[in-house]
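I opened this notebook to record what I looked up about the empty spaces in one structure and about one buried side chain. The entries follow in the order of the search.

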Amino acid sequence: MAISNLSYVRLQVTDPTTWAQFAETVLGFGDANIDDGRGGKYLRMDQAPFRYIVEAGDADRFVAAGYELTDAAAFNDLVETLQSAGVAIEMGTPEEAARRAVDGYATCSDPSGNCVELCYGRAAGDSFTPNAGVSAFKTGSMGLGHLVLPAPENEATIAFYTELCGFGLSDDLTLPPPAPDLPDQRITFLHADNPRHHTLGLYNFPHPIGLVHVMAEVSSLDEVGACMDRVKQAGLHIFASLGRHANDEMVSFYFFAPGGFGFEVGFDGRQIADWSSFTATQSTIGDLWGHEYDFPVMGD
């Protein structure tokens, strides 16, 4: 398997300073104190130099996911595989690689238009203590967490990540349609080369800001509850109450961060020690309990 983990996420927001303040006080992230001369903010979760690049722009939207490979050889092999399959790849410049704190990177788009960044040689950071009373985020070799992306070109996008990028199937979840005149919802959960149950989820509908949600895992159930309190105090909308998922067994809740980005904060996610003995599942329920959903009506 080529890809090790989800190394970083790039978001565009209209006010990076305010967004970074939210991330520090509510999520417990930290300021990486990096000035790129563009008005962006770099946010830390662990010893990595940063996990989020929050860029300045005229709209709030997901920009890209950065997936890490083990070394230059694995990176070059994957780039060659993608090029041989006809995928348009743009190699990153040394200046842009330095901005990402990596030795090298390349970018392309999946069949649904999501921007993919592949990187290797992530720079080592120094010690880090989270804010807001979080003892530690579960990251390390498992990366920053997971994210779920819109994939309306569903089959082609699944094939891109599994057949070309080397992700493995963890669970294929089918849920009732979001409205009577629409098809069933499908979320395909894919794992990278680390124990986290899934690093990437693909949802078969479009999304207005390009991101269904991103997940951060903390170290205790109490830290999940404390984050819920901070979210409520900040006046942010919780769109899924506390609950436990059926496939990765995560206990979590979901809320909308500033700009409309869906965030999941959870604990106790399932880890797979040996993927060679794992059998992918096909689920028809998302939750064992909880996760009552409360999506706002457009225009409210």
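Before sorting lining residues, I fixed the classes: Ala, Val, Leu, Ile, Met, Phe, Trp, Tyr, Cys and Pro count as nonpolar, Asp, Glu, Lys and Arg as charged, and the others, Gly among them, as polar. I note that the model is predicted.

Entry on the cavity. I looked for cavities of 30 Å³ or more and the count came to one. I read the volume of the largest cavity as about 30 Å³. Its lining is formed by His146, Arg196, His197, His198, Met215, Glu217, Asp248, Met250, Gly269 and Arg270. Sorted by class, this lining has two nonpolar, four polar and four charged residues.

Entry on the pocket. I then turned to the largest pocket, which holds about 1,100 Å³ of space. I found 32 residues lining this pocket, and those closest to its centre are Gln185, Tyr203, Val212, Phe239 and Phe295. At least two lining residues come from each of strands E9 (146–150), E10 (168–175), E11 (185–191), E14 (238–245) and E15 (251–256). Strand E11 gives the most, with three residues. By class, I recorded 20 nonpolar, nine polar and three charged residues in the lining of the largest pocket.

Entry on Glu223. I located Glu223 in helix H5, which covers residues 221–233. What does the buried Glu223 have as its nearest side chain of opposite charge? I found Arg230, 7.4 Å away, and Glu223 has no salt bridge. I did find a polar contact of 2.6 Å between the side chains of Glu223 and Ser135.

Note on methods
Residues are numbered from 1 along each chain as its sequence is written. This is a predicted model: local features need pLDDT of at least 70, side-chain atom pairs count only at pLDDT 80 or more; totals for chains, interfaces and linings use all residues. Side-chain values use heavy atoms; hydrogens and water are left out. On a 1 Å grid over the protein atoms alone, a cavity is a set of points where a 1.4 Å probe fits but cannot get out, and a pocket is an open set with protein on both sides within 12 Å along at least five of seven lines; lining residues have an atom within 4 Å of a point. Grid points are joined across faces, edges and corners, and a volume is the space filled by probe spheres set on the points. Helices (H or I, at least four residues) and strands (E, at least two) are DSSP runs, numbered from the N terminus. Buried means under 20% relative accessible area, exposed over 50%, partly exposed in between (1.4 Å probe, protein chains only). Lys and Arg count as positive and Asp and Glu as negative; His and the chain ends are not counted. A salt bridge is a side-chain nitrogen of Lys or Arg within 4 Å of a carboxyl oxygen of Asp or Glu. A polar contact is a pair of N or O atoms within 3.5 Å; within protein, one must be able to donate a hydrogen and the other to accept it, and residues adjacent in sequence count only if both atoms are side-chain atoms.
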